[in-house]
Amino acid sequence: MGSNFLTAKAAIARLAMIAGTLLITTSIPASAQTGVELLENMAASKAADAKDPNTDWLKAGQFIGLIRGVSLIGQNSHFCLPNDYDTRVGMAITERWVTAHPERLEGPDAFLVAMALMDTYPCPK
């Protein structure tokens, strides 16, 4: 019974994290909605990494949160992330993919992140 309780508890915790991520990302009106805003938020994240005192921390956080949220929600359904995957890897993959596909910048930001992860980490058929 102990292991079933821990499994249920872990599932509830994961669902709560996903629900919280969705609530946060859908309740911030300034969140990136297209690839154009995604690029701005990506630049803010790079400024944060460089310890730029003029960093727009909200945009930097939105970029990091978007990568994390899409990674959690799409894992094992739209893409299969390796064990060594982390948010920083997802950020780099997204940057490369968006840079290689400027024609897609008008698309929704979450879709672009998902496309980058699906292209990089397709699930076995």
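Modeller: Two residues are in contact when they have heavy atoms within 4.5 Å of each other. The model is a predicted one, in which local features need pLDDT of at least 70 and side-chain atom pairs count only at pLDDT 80 or more, while totals for chains, interfaces and linings use all residues. Residues are numbered from 1 along each chain as its sequence is written, and side-chain values use heavy atoms, with hydrogens and water left out.

Colleague: How many helices does the protein chain have?

Modeller: Helices (DSSP runs of H or I, at least four residues) and strands (runs of E, at least two) are numbered from the N terminus. Along the sequence the pattern reads α-α-α-α-α, and there are 0 strands, so that definition gives a count of helices alone. The number of helices is 5.

Colleague: What share of the 125 residues counts as buried?

Modeller: A residue is buried under 20% relative accessible area, exposed over 50%, and partly exposed in between, with a 1.4 Å probe and protein chains only. The accessible surface of the whole chain, by the Shrake-Rupley method with a 1.4 Å probe, comes to about 7800 Å², of which 64% belongs to carbon and sulfur atoms. Of the 125 residues, the buried share is 35%.

Colleague: Among contacts between residues at least 6 apart in sequence, what share joins residues at least 24 apart?

Modeller: The count takes in contacts in the protein chain between residues at least 6 apart in sequence, and asks which of them join residues at least 24 apart. That share is 64%.

Colleague: Which elements are included in what covers the buried residues of helix 5?

Modeller: Helix 5 covers residues 109-120, and its buried residues are D109, L112, V113, A114, M115, A116 and L117. Their cover includes helix 2 (35-49), helix 3 (57-74) and helix 4 (87-100).

Colleague: Why does the span of helix 5 agree with its 12 residues, and how far apart are its end C-alpha atoms?

Modeller: The expected span is 1.5 Å times one less than the number of residues, so the 12 residues of helix 5 should span 16 Å. The end C-alpha atoms agree with that expectation, being apart by 17 Å.

Colleague: Which element gives the most to the largest nonpolar core?

Modeller: A nonpolar core is a set of buried Ala, Val, Leu, Ile, Met, Phe, Trp, Tyr and Cys residues joined through side-chain atoms within 4.5 Å. The largest has 21 residues, of which L38, V70, L117 and Y121 touch the most other members. Helix 2, helix 3, helix 4 and helix 5 each supply at least two residues of this core. With 6 residues, the element that gives the most is helix 5.

Colleague: Which residue caps the N-terminal end of helix 3?

Modeller: The cap rests on a polar contact, a pair of N or O atoms within 3.5 Å, where within protein one must be able to donate a hydrogen and the other to accept it, and residues adjacent in sequence count only if both atoms are side-chain atoms. Here a side-chain oxygen lies 3.3 Å from the backbone nitrogen of L58. The residue that supplies this oxygen is D56.

Colleague: Is A60 buried or exposed?

Modeller: A60 has its place in helix 3, and, leaving aside neighbours within four places in sequence, A60 is in contact with N41, A44, S45, A48 and T55. Since the relative accessibility of A60 is 2%, A60 counts as buried.

Colleague: How far apart are the closest N and O atoms of E40 and K59?

Modeller: A salt bridge is a side-chain nitrogen of Lys or Arg within 4 Å of a carboxyl oxygen of Asp or Glu, and by this rule the count comes to 3. One of them pairs E40 with K59. E40 is partly exposed at 39% relative accessibility, and K59 is partly exposed at 28%. Their closest N and O atoms are apart by 3.2 Å.

Colleague: Which residue forms a salt bridge with E95?

Modeller: E95 is partly exposed, with a relative accessible area of 25%. The partner of E95, partly exposed at 44% relative accessibility, is K46.

Colleague: What is the N to O distance in the salt bridge of R88 and D49?

Modeller: R88 is partly exposed at 48% relative accessibility, and D49 is partly exposed with a relative accessible area of 43%. The side chains of R88 and D49 meet with an N to O distance of 2.9 Å.
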